[in-house]
Amino acid sequence: MGVTLPALTPLEDSLWLTLCGRALDNRAPHPILADATADEVVRTVDYDYERLRIGTNLMINISLRAKKLDEVTSRFLARHPDAVGLDLGVGLDARLRRIAAPPTVDWYDIDFPAVIAARHDLIPSQPNAHAIGADVTDADWLDAIPTGRPAVVVADGLMGFLSHDEMVSLLNRLVSHLPRGEMVFNSYTRFAIWAAKHSRGTKSVADLIKFPGFDNPREPESWNPKLQLVKEILLSREPEVAQFPTALRTYYRLQAHSTAWSRKGTIVLHYRF
Ligand SMILES: C[S@@+](CC[C@H](N)C(=O)[O-])C[C@H]1O[C@@H](n2cnc3c(N)ncnc32)[C@H](O)[C@@H]1O
(Lines give C-alpha, C1' and ligand atoms only; values in the text may rest on other atoms or scores of the structure.)
Protein backbone atom coordinates (compact mmCIF):
# COMPACT_ATOMS: atom_id res chain seq x y z
CA MET A 1 0.00 0.00 0.00
CA GLY A 2 1.39 3.41 -0.92
CA VAL A 3 2.06 6.08 1.69
CA THR A 4 4.20 9.03 0.62
CA LEU A 5 6.74 9.68 3.32
CA PRO A 6 8.59 12.98 3.66
CA ALA A 7 12.26 12.82 2.59
CA LEU A 8 14.26 11.79 5.64
CA THR A 9 17.89 12.56 6.47
CA PRO A 10 20.21 9.64 7.30
CA LEU A 11 19.83 10.50 11.01
CA GLU A 12 16.03 10.43 10.75
CA ASP A 13 16.24 7.24 8.69
CA SER A 14 17.79 5.52 11.73
CA LEU A 15 14.23 5.05 12.97
CA TRP A 16 13.81 2.11 10.56
CA LEU A 17 16.40 0.01 12.35
CA THR A 18 14.52 -0.02 15.65
CA LEU A 19 11.07 -0.09 14.05
CA CYS A 20 11.99 -3.06 11.83
CA GLY A 21 13.64 -4.81 14.80
CA ARG A 22 10.35 -4.62 16.70
CA ALA A 23 8.32 -5.60 13.61
CA LEU A 24 10.48 -8.70 13.09
CA ASP A 25 10.13 -9.60 16.77
CA ASN A 26 6.36 -9.41 16.34
CA ARG A 27 6.61 -11.96 13.52
CA ALA A 28 8.78 -14.34 15.59
CA PRO A 29 7.12 -17.48 17.02
CA HIS A 30 7.63 -16.21 20.59
CA PRO A 31 7.85 -12.41 20.50
CA ILE A 32 9.57 -10.55 23.34
CA LEU A 33 7.65 -7.28 22.89
CA ALA A 34 4.81 -8.22 20.47
CA ASP A 35 4.60 -4.71 18.97
CA ALA A 36 1.81 -5.15 16.40
CA THR A 37 1.84 -1.44 15.49
CA ALA A 38 5.52 -1.57 14.42
CA ASP A 39 4.71 -4.58 12.24
CA GLU A 40 1.71 -2.79 10.73
CA VAL A 41 3.71 0.37 9.92
CA VAL A 42 6.50 -1.61 8.23
CA ARG A 43 3.90 -3.50 6.16
CA THR A 44 2.02 -0.29 5.30
CA VAL A 45 5.09 1.42 3.84
CA ASP A 46 6.36 -1.90 2.47
CA TYR A 47 9.78 -1.07 3.89
CA ASP A 48 12.60 -3.28 2.59
CA TYR A 49 13.84 -4.36 6.05
CA GLU A 50 16.08 -7.07 4.58
CA ARG A 51 18.65 -4.50 3.52
CA LEU A 52 19.17 -3.63 7.21
CA ARG A 53 20.32 -7.22 7.84
CA ILE A 54 18.90 -7.33 11.37
CA GLY A 55 20.02 -10.60 12.96
CA THR A 56 18.22 -12.41 15.78
CA ASN A 57 20.50 -10.98 18.49
CA LEU A 58 19.94 -7.37 17.41
CA MET A 59 16.19 -7.95 17.00
CA ILE A 60 16.00 -9.34 20.54
CA ASN A 61 18.10 -6.50 21.99
CA ILE A 62 15.94 -3.84 20.31
CA SER A 63 12.71 -5.47 21.51
CA LEU A 64 13.83 -6.29 25.03
CA ARG A 65 15.26 -2.85 25.70
CA ALA A 66 11.95 -1.32 24.49
CA LYS A 67 10.12 -3.63 26.87
CA LYS A 68 12.29 -2.54 29.82
CA LEU A 69 11.76 1.15 28.91
CA ASP A 70 8.00 0.49 28.69
CA GLU A 71 7.98 -1.20 32.10
CA VAL A 72 9.70 1.71 33.88
CA THR A 73 7.46 4.21 32.09
CA SER A 74 4.17 2.46 32.79
CA ARG A 75 5.03 1.84 36.46
CA PHE A 76 5.76 5.56 36.86
CA LEU A 77 2.52 6.58 35.12
CA ALA A 78 0.45 4.14 37.19
CA ARG A 79 1.81 5.84 40.34
CA HIS A 80 1.43 9.36 38.88
CA PRO A 81 -1.73 9.55 36.73
CA ASP A 82 -1.34 13.38 36.69
CA ALA A 83 2.08 13.07 35.02
CA VAL A 84 3.47 14.14 31.69
CA GLY A 85 5.45 11.62 29.62
CA LEU A 86 8.11 12.55 27.06
CA ASP A 87 9.46 10.21 24.39
CA LEU A 88 12.63 11.81 22.97
CA GLY A 89 13.66 10.76 19.45
CA VAL A 90 10.42 8.83 19.16
CA GLY A 91 10.80 7.90 15.46
CA LEU A 92 7.77 5.86 14.36
CA ASP A 93 7.45 4.14 17.72
CA ALA A 94 3.98 3.92 19.27
CA ARG A 95 5.06 3.49 22.89
CA LEU A 96 1.90 5.13 24.21
CA ARG A 97 -0.20 2.39 22.57
CA ARG A 98 1.91 -0.30 24.27
CA ILE A 99 1.95 1.07 27.80
CA ALA A 100 -1.74 1.71 28.50
CA ALA A 101 -1.16 5.04 30.26
CA PRO A 102 -4.01 6.53 32.32
CA PRO A 103 -6.09 8.92 30.16
CA THR A 104 -5.16 11.78 32.54
CA VAL A 105 -1.52 11.59 31.43
CA ASP A 106 -0.31 14.04 28.77
CA TRP A 107 2.17 12.33 26.46
CA TYR A 108 4.66 14.18 24.23
CA ASP A 109 6.35 12.54 21.23
CA ILE A 110 9.40 14.51 20.13
CA ASP A 111 11.51 14.10 16.99
CA PHE A 112 12.61 16.16 13.99
CA PRO A 113 9.69 17.81 12.09
CA ALA A 114 9.88 15.41 9.10
CA VAL A 115 9.57 12.39 11.41
CA ILE A 116 6.62 13.95 13.23
CA ALA A 117 4.98 14.56 9.83
CA ALA A 118 5.49 10.88 8.90
CA ARG A 119 3.96 9.81 12.24
CA HIS A 120 0.88 11.83 11.43
CA ASP A 121 0.12 9.54 8.45
CA LEU A 122 1.17 6.25 10.01
CA ILE A 123 0.45 6.15 13.74
CA PRO A 124 -3.17 6.25 14.92
CA SER A 125 -3.71 9.34 17.06
CA GLN A 126 -4.68 9.21 20.73
CA PRO A 127 -6.50 11.97 22.60
CA ASN A 128 -3.80 12.54 25.22
CA ALA A 129 -0.85 12.42 22.76
CA HIS A 130 0.94 15.55 21.56
CA ALA A 131 3.69 15.78 18.96
CA ILE A 132 6.59 18.22 18.89
CA GLY A 133 8.73 18.53 15.78
CA ALA A 134 12.10 19.75 17.07
CA ASP A 135 15.77 19.02 17.47
CA VAL A 136 16.07 17.93 21.11
CA THR A 137 19.42 19.74 21.34
CA ASP A 138 17.61 23.06 20.77
CA ALA A 139 16.63 24.98 23.87
CA ASP A 140 13.07 26.15 23.23
CA TRP A 141 10.99 23.00 22.50
CA LEU A 142 10.68 22.37 26.25
CA ASP A 143 8.55 25.53 26.52
CA ALA A 144 5.65 23.44 25.16
CA ILE A 145 5.87 20.96 28.08
CA PRO A 146 3.86 21.87 31.18
CA THR A 147 5.84 22.43 34.34
CA GLY A 148 4.48 21.59 37.79
CA ARG A 149 3.57 17.97 37.03
CA PRO A 150 5.62 14.83 37.66
CA ALA A 151 7.37 13.69 34.50
CA VAL A 152 8.77 10.54 32.99
CA VAL A 153 11.28 10.96 30.18
CA VAL A 154 12.10 8.02 27.92
CA ALA A 155 14.61 7.86 25.07
CA ASP A 156 14.99 4.69 23.02
CA GLY A 157 17.88 4.71 20.56
CA LEU A 158 18.52 8.47 20.80
CA MET A 159 21.58 8.92 23.00
CA GLY A 160 24.07 7.33 20.58
CA PHE A 161 23.41 10.21 18.18
CA LEU A 162 24.21 12.99 20.68
CA SER A 163 27.67 14.21 21.56
CA HIS A 164 28.68 14.03 25.22
CA ASP A 165 28.09 17.78 25.63
CA GLU A 166 24.70 17.62 23.91
CA MET A 167 23.59 14.81 26.20
CA VAL A 168 24.78 16.58 29.38
CA SER A 169 23.09 19.81 28.32
CA LEU A 170 19.83 17.99 27.37
CA LEU A 171 19.65 16.21 30.73
CA ASN A 172 20.34 19.47 32.58
CA ARG A 173 17.60 21.31 30.66
CA LEU A 174 15.10 18.51 31.36
CA VAL A 175 15.92 18.43 35.05
CA SER A 176 15.66 22.20 35.41
CA HIS A 177 12.35 22.42 33.45
CA LEU A 178 10.58 19.45 35.06
CA PRO A 179 10.02 19.61 38.83
CA ARG A 180 10.47 15.91 39.62
CA GLY A 181 10.29 12.57 37.92
CA GLU A 182 12.22 9.76 36.30
CA MET A 183 14.32 9.33 33.21
CA VAL A 184 15.07 6.08 31.41
CA PHE A 185 17.13 5.47 28.28
CA ASN A 186 19.31 2.85 26.67
CA SER A 187 22.96 3.67 27.07
CA TYR A 188 26.32 2.46 25.83
CA THR A 189 29.66 1.71 27.38
CA ARG A 190 32.75 2.80 25.45
CA PHE A 191 33.08 -0.77 24.19
CA ALA A 192 29.41 -0.90 23.09
CA ILE A 193 29.94 2.30 21.07
CA TRP A 194 32.99 0.77 19.42
CA ALA A 195 30.97 -2.40 18.68
CA ALA A 196 28.02 -0.42 17.26
CA LYS A 197 30.43 1.36 14.90
CA HIS A 198 31.84 -1.93 13.66
CA SER A 199 28.94 -4.44 13.67
CA ARG A 200 27.17 -5.54 10.52
CA GLY A 201 23.68 -5.09 12.04
CA THR A 202 24.29 -1.43 12.98
CA LYS A 203 26.20 -0.52 9.78
CA SER A 204 23.34 1.75 8.62
CA VAL A 205 23.88 4.09 11.60
CA ALA A 206 27.62 3.62 12.30
CA ASP A 207 28.72 6.94 10.76
CA LEU A 208 26.06 8.87 12.69
CA ILE A 209 27.16 7.83 16.17
CA LYS A 210 28.57 10.79 18.14
CA PHE A 211 28.28 9.57 21.73
CA PRO A 212 31.57 8.31 23.23
CA GLY A 213 29.80 6.04 25.78
CA PHE A 214 30.40 5.83 29.52
CA ASP A 215 31.17 2.81 31.64
CA ASN A 216 29.97 3.91 35.08
CA PRO A 217 26.16 4.19 35.29
CA ARG A 218 26.61 6.74 38.10
CA GLU A 219 28.43 9.16 35.80
CA PRO A 220 25.27 11.21 35.01
CA GLU A 221 24.94 11.90 38.77
CA SER A 222 28.05 14.07 38.39
CA TRP A 223 26.43 16.01 35.51
CA ASN A 224 23.49 17.14 37.63
CA PRO A 225 23.22 16.69 41.42
CA LYS A 226 19.45 16.05 41.18
CA LEU A 227 19.96 12.92 39.05
CA GLN A 228 20.12 9.71 41.09
CA LEU A 229 20.60 6.26 39.63
CA VAL A 230 17.61 4.01 40.40
CA LYS A 231 18.78 0.94 38.50
CA GLU A 232 21.17 -0.20 35.85
CA ILE A 233 19.20 -2.82 33.90
CA LEU A 234 21.52 -5.33 32.26
CA LEU A 235 19.56 -7.28 29.65
CA SER A 236 21.55 -10.45 30.30
CA ARG A 237 20.02 -10.58 33.81
CA GLU A 238 16.41 -10.08 32.80
CA PRO A 239 13.93 -12.99 33.00
CA GLU A 240 13.10 -12.82 29.26
CA VAL A 241 16.48 -14.45 28.56
CA ALA A 242 14.63 -17.74 29.23
CA GLN A 243 12.68 -17.12 25.97
CA PHE A 244 15.80 -16.61 23.82
CA PRO A 245 16.81 -19.25 21.23
CA THR A 246 19.14 -21.84 22.77
CA ALA A 247 22.53 -20.52 21.60
CA LEU A 248 21.74 -16.93 22.59
CA ARG A 249 20.24 -18.05 25.89
CA THR A 250 23.43 -19.93 26.74
CA TYR A 251 25.57 -16.93 25.82
CA TYR A 252 23.48 -14.45 27.85
CA ARG A 253 23.33 -16.77 30.88
CA LEU A 254 27.12 -16.96 30.89
CA GLN A 255 27.37 -13.19 30.38
CA ALA A 256 25.02 -12.59 33.33
CA HIS A 257 27.72 -13.88 35.74
CA SER A 258 29.90 -10.86 35.00
CA THR A 259 28.78 -7.23 35.33
CA ALA A 260 31.70 -6.03 33.20
CA TRP A 261 30.82 -8.50 30.43
CA SER A 262 27.07 -7.75 30.66
CA ARG A 263 27.84 -4.04 30.28
CA LYS A 264 29.34 -4.77 26.87
CA GLY A 265 25.79 -5.44 25.67
CA THR A 266 22.60 -3.39 25.86
CA ILE A 267 22.07 -1.40 29.05
CA VAL A 268 19.00 0.49 30.17
CA LEU A 269 19.67 3.23 32.72
CA HIS A 270 16.94 4.47 35.04
CA TYR A 271 17.30 7.67 37.11
CA ARG A 272 15.10 9.78 39.32
CA PHE A 273 15.34 13.54 39.74
C1 LIG B 1 17.32 4.77 16.29
S2 LIG B 1 15.98 5.88 16.05
C3 LIG B 1 14.93 5.40 17.40
C4 LIG B 1 13.53 5.79 17.15
C5 LIG B 1 12.53 5.31 18.22
N6 LIG B 1 12.84 5.79 19.52
C7 LIG B 1 12.43 3.82 18.21
O8 LIG B 1 12.77 3.19 19.22
O9 LIG B 1 11.99 3.28 17.19
C10 LIG B 1 16.62 7.45 16.61
C11 LIG B 1 15.61 8.57 16.48
O12 LIG B 1 16.15 9.73 17.13
C13 LIG B 1 15.85 10.85 16.35
N14 LIG B 1 16.85 11.88 16.66
C15 LIG B 1 18.20 11.78 16.59
N16 LIG B 1 18.77 12.94 16.96
C17 LIG B 1 17.75 13.78 17.29
C18 LIG B 1 17.71 15.12 17.72
N19 LIG B 1 18.83 15.81 17.93
N20 LIG B 1 16.49 15.68 17.95
C21 LIG B 1 15.34 14.98 17.72
N22 LIG B 1 15.34 13.69 17.32
C23 LIG B 1 16.52 13.10 17.10
C24 LIG B 1 15.94 10.36 14.90
O25 LIG B 1 15.24 11.22 14.02
C26 LIG B 1 15.30 8.98 15.04
O27 LIG B 1 13.91 9.03 14.86
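**Exercise 1. Find which polar side-chain atom of Asp111 or Arg22 lies 2.6 Å from an oxygen atom of the ligand, and place the ligand among its neighbours.**

Step 1. A polar side-chain atom of Asp111 lies 2.6 Å from a ligand oxygen atom; a polar contact is a pair of N or O atoms within 3.5 Å. The model is predicted: local features need pLDDT of at least 70, side-chain atom pairs count only at pLDDT 80 or more, and totals for chains, interfaces and linings use all residues. Residues are numbered from 1 along each chain as its sequence is written, and side-chain values use heavy atoms, with hydrogens and water left out.

Step 2. For Arg22, the distance from a polar side-chain atom to an oxygen atom of the ligand is 2.7 Å.

Step 3. On the side chain of Asp135, an N or O atom is 2.8 Å from a nitrogen atom of the ligand.

Step 4. The ligand is surrounded by 20 residues (a heavy atom within 4 Å). The closest are Thr18, Arg22, Gly89, Asp111 and Asp156.

**Exercise 2. Describe the setting of strand E1 and its pairing with E2 and E4.**

Step 1. Strands are DSSP runs of E with at least two residues, helices runs of H or I with at least four, numbered from the N terminus. E1 covers residues 84–88.

Step 2. Five of the five residues of E1 are buried (under 20% relative accessible area, 1.4 Å probe, protein chains only), so the strand is largely enclosed by the rest of the structure.

Step 3. Val84, Leu86 and Leu88 point one way from E1, while Gly85 and Asp87 point the other way. In a regular strand, side chains alternate between the two faces of the sheet.

Step 4. Two strands pair if DSSP finds at least two bridges between them. E1 runs parallel to E2, joined by five bridges, and is also parallel to E4, again over five bridges. Leu86 stands opposite Tyr108 in E2, and its bridge partner in E4 is Val153.

**Exercise 3. Identify the residues with the most contacts inside the largest nonpolar core, and the element giving the largest share.**

Step 1. A nonpolar core is a set of buried Ala, Val, Leu, Ile, Met, Phe, Trp, Tyr and Cys residues joined through side-chain atoms within 4.5 Å. The largest has 41 residues; those with the most contacts inside it are Leu86, Leu88, Trp141, Ile145, Met167, Leu174 and Met183.

Step 2. Helix H7 gives the largest share, six residues.

Step 3. A second, separate core of 32 residues includes Trp16, Val45, Leu52 and Tyr252.

Note on methods: Buried means under 20% relative accessible area, exposed over 50%, partly exposed in between (1.4 Å probe, protein chains only). A polar contact is a pair of N or O atoms within 3.5 Å; within protein, one must be able to donate a hydrogen and the other to accept it, and residues adjacent in sequence count only if both atoms are side-chain atoms.
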